[in-house]
Amino acid sequence: MKYVYLISLVALLVPLGARDSAWVDHRVSDWQPTVRERAWEQIGWAKDLRSAERLCRSANRPVFLFTHDGRLNVGRC
Amino acid sequence: MRAVSLSNPKIIESLNAYYVPVYLSNEDYADTGPATKEEKAELDRIHREGLAKGLSVGSVHAYILAPDGSVRDSMHTAQAAKADQLLAMLDRNARALHVAAGPPVVAPTPHPPPPCALGETQVSLIARYLVKNGNDLVPVRSDSGDWSSLPSEDWFSLTSADRVKLLAGCVAEGSSWTVDPAVANKLLVHFYPPTENWDLEKNTIRESALTAKVESVVGSTARVAYTGHLRMDHWFYHKPDGRYVEADVTGYADVDVKTRTLLRFRLVTERADYKGGQTLPFGVALRSFP
């Protein structure tokens, strides 16, 4: 059975033109956002403006409101 | 701001300990945006009150509201992106309001991907600037706060009709085909670097091609290799500037040939440049989530 799996694995690793699938996978992995690039997700964001205001009244805290163009969560901004 | 001040550990700590943080996209709060009329009215109220108090007011700003909702302080993004300036604003307002430190009011959580309709294949795409390192190109790691500081991430989905066209000629080892241009362009229109312009309607594809070939079939799984090319106008800001993308792409798909199911799809730039001014190398990596 192991032999079959090995043969299957080798067959699937045939070159993709000039590049193989491992090269593609490496690029996909290497270019993902890092923990540092996702650091802002460590902030506890309210879901919208009026929810934030409701929470700030009950917690007796100020609201920090950031308004921007584009989509902050995906970096298209 | 996300890349600099909102990634600063002291600012993250201050926001979580003393504030209720919230962000919003102006597109959602425009007349045609999906935010509720009550949300839009509240943002309008904040703008008006800020102006009446002589504070800096605008679309790309950081505001501090007191617990009673009154507008206390504000700062343009250009200043708020500088960690020391934003931290000073947070500190002075927390002190002035005598806010007691505590745990985050809202638990921090990773941002989930957008919902994907049943039967569709979700696709994630990362685009980022690259820099030469020896003979290789590697991701730019920068604290500059400009567009090279962060990757962009797009999420979209492939319908069953898209998948059929993507796999159209997948019948036997050695078979090859040209992917339907509509599906190829649906993928490739996202292949642009982080810029202030994220409007896909403003991208004009001048040349594109995506070809496929079945490299192997093992059991019921076919490995399909994809190669392609793109030349696409992409303005840096939201107005014409002559800038464009040139890219060669390569990738693969694993397909269950019995059920015609797309098991895995990956497509990356082998070489990509943002041209029409300073030539900037960038990379795009696309992957499917079954």
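**Entry 1: salt bridges between the chains**

I looked for salt bridges across the interface of chain B and chain A, and the rule finds 7. The model I am reading is predicted. I looked up one of the bridges by residue: the side chains of Glu153(B) and Arg38(A) meet, N to O, at 3.0 Å. I then turned to polar contacts across this interface and noted 34 residue pairs, both residues at pLDDT 80 or more. I also sorted the side of chain B that touches chain A by class: 56 residues are nonpolar, 21 are polar and 21 are charged.

**Entry 2: extent of the interface**

How many residues of chain B are in contact with chain A? I got 98 residues of chain B, in contact with 59 residues of chain A. The area buried between the two chains is about 7200 Å². Carbon and sulfur atoms give 58% of that area. In chain B, the residues that lose the most area to chain A are Arg2(B), Val22(B) and Tyr23(B). Together these three account for 11% of what the chain B side buries.

**Entry 3: a strand pair across the chains**

I followed strand β1 of chain A, residues 63–68, to its partner in chain B. The partner is strand β2 of chain B, residues 61–65, and the two run antiparallel. I noted 5 bridges joining them. Within this pair, Leu65(A) stands opposite Tyr63(B).

**Entry 4: helix α3 of chain A and Glu42(B)**

I listed the buried residues of helix α3 of chain A, which spans residues 49–59. They are Leu49(A), Ser51(A), Ala52(A), Glu53(A) and Cys56(A). What covers them includes β1 of chain A, together with β1, α2, α3 and β2 of chain B. Just after this helix, Asn60(A) takes a positive phi of about 55 degrees.

From the chain B side I picked Glu42(B), found in helix α3 of chain B, residues 37–52. Is Glu42(B) buried or exposed? Glu42(B) counts as buried because its relative accessible area is 14%, under the 20% cut-off. Leaving out residues up to four places away in sequence, Glu42(B) touches Leu49(A), Arg50(A) and Glu53(A). Two of the residues on my list of buried ones in α3(A), Leu49(A) and Glu53(A), are thus touched by Glu42(B).

**Entry 5: Thr121(B)**

I moved to strand β4 of chain B, residues 121–133, where Thr121(B) is found. Thr121(B) is buried because its relative accessibility is 6%, under the 20% cut-off. Among the residues that Thr121(B) touches are Cys116(B), Phe156(B), Leu262(B) and Phe289(B). Arg163(B) is also one of them, and a polar contact of 2.9 Å joins its side chain to that of Thr121(B). I also checked Thr121(B) against Gly50(B): they are 71 residues apart in sequence and 45 Å apart in space, C-alpha to C-alpha.

**Entry 6: three strands of chain B**

I traced strands β10, residues 244–256, and β11, residues 261–275, which pair in the antiparallel sense over 13 bridges. Their hairpin has 4 residues between the strands, and Arg260(B) there takes a positive phi near 60 degrees.

I then took β11(B) with strand β12, residues 280–289: they pair in the antiparallel sense over 5 bridges. β11(B) and β12(B) also form a hairpin with 4 residues between them. Gly276(B) in that turn has a positive phi of about 95 degrees.

Which residue of β12(B) is the bridge partner of Arg266(B)? I found Arg287(B). Towards β10(B), Arg266(B) stands opposite Tyr252(B).

Conventions. Residues are numbered from 1 along each chain as its sequence is written. Chains are lettered from A and ligands numbered from 1 in the order in which they are written. This is a predicted model: local features need pLDDT of at least 70, side-chain atom pairs count only at pLDDT 80 or more; totals for chains, interfaces and linings use all residues. Side-chain values use heavy atoms; hydrogens and water are left out. Contact means heavy atoms within 4.5 Å. Buried area is the accessible area (1.4 Å probe) that two parts lose on being put together, summed over both. A salt bridge is a side-chain nitrogen of Lys or Arg within 4 Å of a carboxyl oxygen of Asp or Glu. A polar contact is a pair of N or O atoms within 3.5 Å; within protein, one must be able to donate a hydrogen and the other to accept it, and residues adjacent in sequence count only if both atoms are side-chain atoms. Ala, Val, Leu, Ile, Met, Phe, Trp, Tyr, Cys and Pro count as nonpolar, Asp, Glu, Lys and Arg as charged, and the others, Gly among them, as polar. Two strands pair if DSSP finds at least two bridges between them. Buried means under 20% relative accessible area, exposed over 50%, partly exposed in between (1.4 Å probe, protein chains only).
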